[in-house]
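Take a moment with the sequence and the model below. Then read on for a short tour.

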Amino acid sequence: MKIGCLSEVFAGEARVALTPDSALALAKLGHASVIQSGAGAKAGFSDAAYAAAGVEVLADAAAVIAAADVLVKVRGPEAAEAQALREGQTLISFFWPAQNAELLEIVKDRGATVVAMDMVPRISRAQKMDALSSMANIAGYRAVIEAGANFGRFFTGQVTAAGKVPPARVLIVGAGVAGLAAIGTSTSLGAITLAFDVRPEVAEQIESMGAEFVYLDFAEAAQDGAATGGYAAPSSPEFREAQLKKFRELAPGIDIVITTALIPGRPAPKLWTADMVALMKPGSVIVDLAAERGGNCDLTVPDQKIVTDNGVTVVGYTDFPSRMAAQASTLYATNIRHMLTDLTPKKDGVIVHNMEDDVIRGATVTKDHAITFPPPPPKIAAIAAQKPKEKVKELTVEEKRAAEAAAFKTQTRNQVGMLVVGGALILLAGLFAPASFMSHFIVFVLSVYVGVQVIWNVSHSLHTPLMAVTNAISSIIILGALMQIGSGNFLVVILAAASVFMAGINIFGGFMVTRRMLAMFQKS
């Protein structure tokens, strides 16, 4: 099949859905690639680079659409592009079917198949195709860089000859993929980073990255992320009030706020209100990653940067991934390549659209003149719900004493039973065995018993050095071998020599292992 890549017609979009490297990978699947001339120029990929990778460069979009069996894009198609699709053709791009009902109807009437990259289910097997996460990762990183460009101070604290510079205090609202990327970037730059999320299970992730999780004094059962595909769910009015109260307390001491909160299929929740902005210090910065969906901040203006009356900069750009076009294109093209890998199971260049596959079915929004959105829930849960740990009941003093007494009685009973059974067996053997055998046998049994009791009470951490010394000491049998080595019998001499050799290994090896083990507990 031929994979065709179109130039993005959306104003300001610099990304491209096919890179020279991804085209080489697609060739291994049996696919040929074509691309519209200049499609990768804004991302730093020239037509010559594509041609060197075996990609055919065509003059315009019409030529690509006519030549390709599968079209790949970043942004969803415009109405004119959708009208140009033909029967049986496949389009892979972001599509946002819930917000584009008219576009869905156009594509359905054209008989094209649409695979929406924004509909890839968030299950483990589909992570390699999760373009939303890829782009959110870039957006979170870029948000911190953008905040730094508009912030008039260092992120990290410094003590210099010219004076002391305090570290910046950064608050990240929302700890999804974008939020975690922002947390990682902020902490690596040396800022004091605080983070909040309505899902308390992400607190450990936040703290493991060096940030402080903002807890609320509010008791509400949180919805598991598995129930919402890994996204946050809408909160109750009481929880929202407690959340806003906490943010008002934090606002005067925060230098940079980065908001990332989104709920699928809904406008962005308003989490940073105008009165919070008024409480912030002059020179503070707010970067709203939810600006495209209305923004988490009351004052956000999509695609613009504004400065409030009290000197707070509010950044509402909606194209953060596009501002890092080369990196974003590389990651997105890799997501597309993985999707085509699943669509080409035999790697023979033949697309097999398996609607029984959770990932392919979940991402497919139109097929065979039918709208297949919304998809059924995946058979595998997005996030494995963790069972709550059972609390161990603490025993009272009386219960502990009773348990210790019962354990002592059991141990005593077992030991007495073993002694009685062992004594009976020895007496039974004495009735039939000769006296010389019994004297040696009793010594053997007592040695085994004493040895077991001695070793059993040794700490497990000392077993290896103890056994090593035991091996060395037990090699006293070398004395017997040395006494026999002067025998006149040739066979006895050979056996004695072998015994000396093996006992020597035991002696030297035992002490060597013991020395190495004990050295592990010494300070160098």
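The tour goes from sheets to helices and ends at a single serine.

This is a predicted model, in which local features need pLDDT of at least 70, side-chain atom pairs count only at pLDDT 80 or more, and totals for chains, interfaces and linings use all residues. Residues are numbered from 1 along each chain as its sequence is written, and side-chain values use heavy atoms, with hydrogens and water left out.

Begin with the strands. Helices (H or I, at least four residues) and strands (E, at least two) are DSSP runs, numbered from the N terminus. Two strands pair if DSSP finds at least two bridges between them.

One open sheet has eight strands, in the order 3-2-1-4-5-6-16-17. Its pairing is mixed. Strand 3 (56-58) and strand 17 (370-371) are the edge strands, each paired on one side only. Inside this sheet, strand 1 (residues 2-5) and strand 2 (residues 32-36) run parallel, joined by four bridges. Cys5 has Ile35 in strand 2 as its bridge partner. Helix 11 packs on this sheet. Helix 11 touches strand 1, strand 4 (70-72), strand 5 (90-93) and strand 6 (113-116). Contact here means heavy atoms within 4.5 Å. The direction of helix 11 makes about 140° with that of strand 5. Such angles run from 0 to 180 degrees between N-to-C directions, and axes are lines fitted to C-alpha atoms, for helices over the stretch in contact.

Another open sheet has seven strands, ordered 11-10-9-12-13-15-14, again with mixed pairing. Its edges are strand 11 (212-213) and strand 14 (305-307), each pairing on one side only. Now look at strand 12 (residues 256-259), which is covered on both faces. Ile256 and Ile258 lie on one side, Val257 and Thr259 on the other, and all are buried. Buried means under 20% relative accessible area, exposed over 50%, partly exposed in between (1.4 Å probe, protein chains only). Strand 9 (residues 169-173) runs parallel to strand 12, with four bridges between them. There, Leu171 stands opposite Val257. Strand 13 (residues 285-288) also runs parallel to strand 12 and is joined to it by four bridges. Thr259 stands opposite Asp288.

Helices lie across these strands. Helix 6 (residues 131-150) crosses over strands 12, 13, 14 and 15, at about 150° to strand 13. Helix 9 (residues 237-250) lies across strand 9 and strand 10 (192-196), at about 165° to strand 10.

Which helix does helix 6 cross at roughly 40°? The partner is helix 7 (residues 177-188), and the two axes come within 7 Å. Among the residues that meet are Ala136, Gly140 and Val144 in helix 6, and Ala178, Ala181 and Thr185 in helix 7. The contact has eight nonpolar, five polar and no charged residues. Here Ala, Val, Leu, Ile, Met, Phe, Trp, Tyr, Cys and Pro count as nonpolar, Asp, Glu, Lys and Arg as charged, and the others, Gly among them, as polar.

Last comes Ser322, in the loop between strand 15 (313-315) and helix 11 (325-343). Ser322 counts as buried because its relative accessibility is 9%. Leaving out residues up to four places away in sequence, Ser322 touches Gly12, Glu13, Ala14 and Arg15. The side chains of Ser322 and Glu13 are joined by a polar contact of 3.4 Å. A polar contact is a pair of N or O atoms within 3.5 Å; within protein, one must be able to donate a hydrogen and the other to accept it, and residues adjacent in sequence count only if both atoms are side-chain atoms.
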